[in-house]
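Subject: Structure for your review

Dear colleague,

Please find below the structure that I am handing over to you. My findings follow directly after it.

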Amino acid sequence: MAKMSLHFFSAAFLSLGAGTLLYLWYVIRKQERVGKYATLVNGLGATMLTLALLFRSIVAGRGPFSNQYEFALAFAWGIVIAYVYIEKSFKLRSLGIFVLPIALGLMAYATTIPATIEPLVPALQNNLLLTIHVAVAIVAYGTFAVAFASAVMFLFQRQNSVSWMPPRDKLEEIGYRAVVIGFPMMVLVLVLGAFWANTAWGRYWGWDPKETATLVTALLYAGYLHAFNLRGWRGTRSALLLILGFVATVFTFFGNLFLGGLHSYSGF
């Protein structure tokens, strides 16, 4: 079954790559049929990636969230699923050109690191907390990637002059909707992480680099929501906050590789 997981991973990578190209063809040629094919191929890629994670879970006997390889795949899965939801909700496909390459980049990164299944270190031997803690992180990270893509498109969409992109107000709405979903999940990551830290290490908070990076990321998105709703920040300023927030998200994901700390053995 471990080989099946790798085969499904390869199929997902190829499908999502093909889906990205089809989305690009769709916006260039403006052919609705091509757009439908892009959606179908992307859905196939999402299914294959889901199966890759499922088979790995069966082999490992736990959620596939214990190391950098597994969380890279899970992060990519969260992005793809978040995009599928946004595309269905807003009836647009051009966002896929900006979102899917992020997932593909994570999957490409996953091919450069060991995919072996190792026993859990003692601090991670809590299947329930492991699954819930990382699952909510995946939702947060995935929706933040969608918000980032909408913000990048917003900056390119000057005066609504790019015909194949959604209008600026729609892009701003997508970014906001994504953060409204992702931010509570990020807060839950902190709460669950503190509870787990007390169980594993005997303290709720220790200013570990990963903990601190997660807190900073959550505060950035809290600042975005505050500025958007209470300060009336719209346009370029809110888009830049979304971009900064996702930079912090990526740093949070990769930070354990060079910052060390108690999370250095895992990807979350």
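In this predicted model, helices α3 and α4 run roughly antiparallel to each other, because their axes cross at roughly 165° and an angle over 145 degrees counts as roughly antiparallel. Helix α3 spans residues 68-90 and helix α4 spans residues 96-110, and their axes come within 8 Å. The crossing of the two helices is left-handed.

The contact between them involves residues on both sides. From α3, the participants are Gln 68, Tyr 69, Ala 72, Leu 73, Phe 75, Ala 76, Ile 79, Val 80 and Tyr 83. They meet Gly 96, Val 99, Leu 100, Ile 102, Ala 103, Leu 106, Met 107, Tyr 109 and Ala 110 of α4. By residue class, the contact of α3 with α4 holds 16 nonpolar residues, two polar ones and no charged ones.

Two of these contact residues, Phe 75 and Tyr 109, also take part in aromatic pairs. The count of such pairs in the model comes to 17. In one of them, the ring centres of Phe 75 and Phe 253 lie 5.4 Å apart with their planes at 70°, so this pair is edge-to-face. The pair joins distant parts of the chain, since Phe 75 belongs to helix α3 and Phe 253 to helix α8 (residues 236-254), with their positions 178 residues apart. Phe 75 has 2% relative accessibility and therefore counts as buried; Phe 253, at 0%, is likewise classed as buried.

Phe 253 also pairs with Tyr 109: the centres of these rings are 6.4 Å apart and the planes stand at 80°, so this pair is edge-to-face. Here too distant parts of the chain are linked, with Tyr 109 in helix α4 and Phe 253 in helix α8, 144 residues apart. Tyr 109 counts as buried because its relative accessibility is 17%, and the cut-off for buried is under 20%. Ring pairs join Phe 71, Phe 75, Tyr 109, Tyr 141, Phe 253 and Phe 254 into a cluster.

Lastly, I would draw your attention to Glu 70, which is also located in helix α3. Is Glu 70 buried or exposed? With a relative accessibility of 0%, Glu 70 counts as buried. Leaving aside residues up to four places away in sequence, Glu 70 touches Leu 53, Arg 56, Arg 62, Gly 63, Pro 64 and Phe 65. Between Glu 70 and Ser 57, which are 13 residues apart in sequence, the C-alpha to C-alpha distance is 9.9 Å.

With kind regards

Notes: Residues are numbered from 1 along each chain as its sequence is written. This is a predicted model: local features need pLDDT of at least 70, side-chain atom pairs count only at pLDDT 80 or more; totals for chains, interfaces and linings use all residues. Side-chain values use heavy atoms; hydrogens and water are left out. Axes are lines fitted to C-alpha atoms, for helices over the stretch in contact, and angles run from 0 to 180 degrees between N-to-C directions. Helices (H or I, at least four residues) and strands (E, at least two) are DSSP runs, numbered from the N terminus. Angles under 35 degrees count as roughly parallel, over 145 as roughly antiparallel, 65 to 115 as roughly perpendicular and the rest as oblique. A crossing is left-handed if the near helix is turned anticlockwise from the far one by less than a right angle, and right-handed if clockwise. Contact means heavy atoms within 4.5 Å. Ala, Val, Leu, Ile, Met, Phe, Trp, Tyr, Cys and Pro count as nonpolar, Asp, Glu, Lys and Arg as charged, and the others, Gly among them, as polar. Rings of Phe, Tyr and Trp (its six-membered ring) pair if their centres lie within 6.5 Å; planes under 30 degrees apart count as stacked, over 60 as edge-to-face and the rest as tilted. Buried means under 20% relative accessible area, exposed over 50%, partly exposed in between (1.4 Å probe, protein chains only).
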